[in-house]
Amino acid sequence: MRAEAAVESREAEGNAGPEGNHGTDGNTGPGRDSGPGRDSGPGRATGPGRSRRFPRFTRSTARPEGGGRAAPGDAPAPVRQWPLLSVLGGTAIGLILVAFGVSRVGTLLIGLSLLAGAVLRWALPSVGMLAVRSRFTDMVTYGVLGVLISLLALMSLPDPWLEIPWLEKIIRFAVR
């Protein structure tokens, strides 16, 4: 009874026609092939009685831009995900160094790994699971976090490797 009501409500909203479209991408039928005489371009109705409105409930999510495999499908899983594994490997080595007391070098390595992730996201067309959101959002997120963590490592006490005088004045003003 519930299934029939759900199908009827989808048909009434224009989200599913006689072909049984239950997705949100505008494709028709189970095979999701555009048949002859069908125009399935973006923003176009794909059949008689189809609505151009977005569905009320999303059934799936789109893969992020560049989220495909970084190597052919017949390659082993670690090879297909090498960009993500390289960033995670650098971060893991940095965390191990921090755990063993070499905190400045370890933190710097973590920041540089995130910056490398931003560069990989920019340079490669497919980065596998390193792609989380859009290319721009991923690059900005990885880049900003990498720069901030690297600056933290360079400015950490005692004996900082980088001194920024105006930043010290801002911190002293804010802590008063």
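Good morning. I begin with a helix pair: helix H4, residues 103–123, packs with helix H5, residues 135–155, at an angle of about 160 degrees, and their axes lie 8 Å apart. Because angles over 145 degrees count as roughly antiparallel, H4 is roughly antiparallel to H5. The handedness of the crossing of H4 and H5 is left-handed. As for composition, the contact of H4 with H5 is made up of 15 nonpolar, 6 polar and 4 charged residues. I should state that the model is a predicted one.

Let me place this pair in the chain. The secondary structure of the protein chain consists of 6 helices and 0 strands, and the order of elements from the N terminus is therefore written α-α-α-α-α-α. The protein chain has 176 residues, of which 27% count as buried.

I turn now to empty space. In general, such space is revealed by rolling a probe the size of a water molecule over the atoms. The second largest pocket holds about 270 Å³ of space. Which helix gives the largest share of its lining? That helix is H6, residues 165–175, with 4 residues of the lining.

The lining of the second largest pocket includes Met155, Ser156, Leu157, Pro160 and Leu162. Further along the chain, the lining also includes Glu163, Ile164, Pro165, Leu167, Glu168 and Ile171. By class, the lining of this pocket divides into 8 nonpolar residues, 1 polar residue and 2 charged residues.

To close, I return to the two topics: the left-handed crossing of H4 and H5, and the second largest pocket, with its about 270 Å³ of space. Thank you.

Key:
Residues are numbered from 1 along each chain as its sequence is written. This is a predicted model: local features need pLDDT of at least 70, side-chain atom pairs count only at pLDDT 80 or more; totals for chains, interfaces and linings use all residues. Side-chain values use heavy atoms; hydrogens and water are left out. On a 1 Å grid over the protein atoms alone, a cavity is a set of points where a 1.4 Å probe fits but cannot get out, and a pocket is an open set with protein on both sides within 12 Å along at least five of seven lines; lining residues have an atom within 4 Å of a point. Grid points are joined across faces, edges and corners, and a volume is the space filled by probe spheres set on the points. Ala, Val, Leu, Ile, Met, Phe, Trp, Tyr, Cys and Pro count as nonpolar, Asp, Glu, Lys and Arg as charged, and the others, Gly among them, as polar. Axes are lines fitted to C-alpha atoms, for helices over the stretch in contact, and angles run from 0 to 180 degrees between N-to-C directions. Angles under 35 degrees count as roughly parallel, over 145 as roughly antiparallel, 65 to 115 as roughly perpendicular and the rest as oblique. A crossing is left-handed if the near helix is turned anticlockwise from the far one by less than a right angle, and right-handed if clockwise. Buried means under 20% relative accessible area, exposed over 50%, partly exposed in between (1.4 Å probe, protein chains only).
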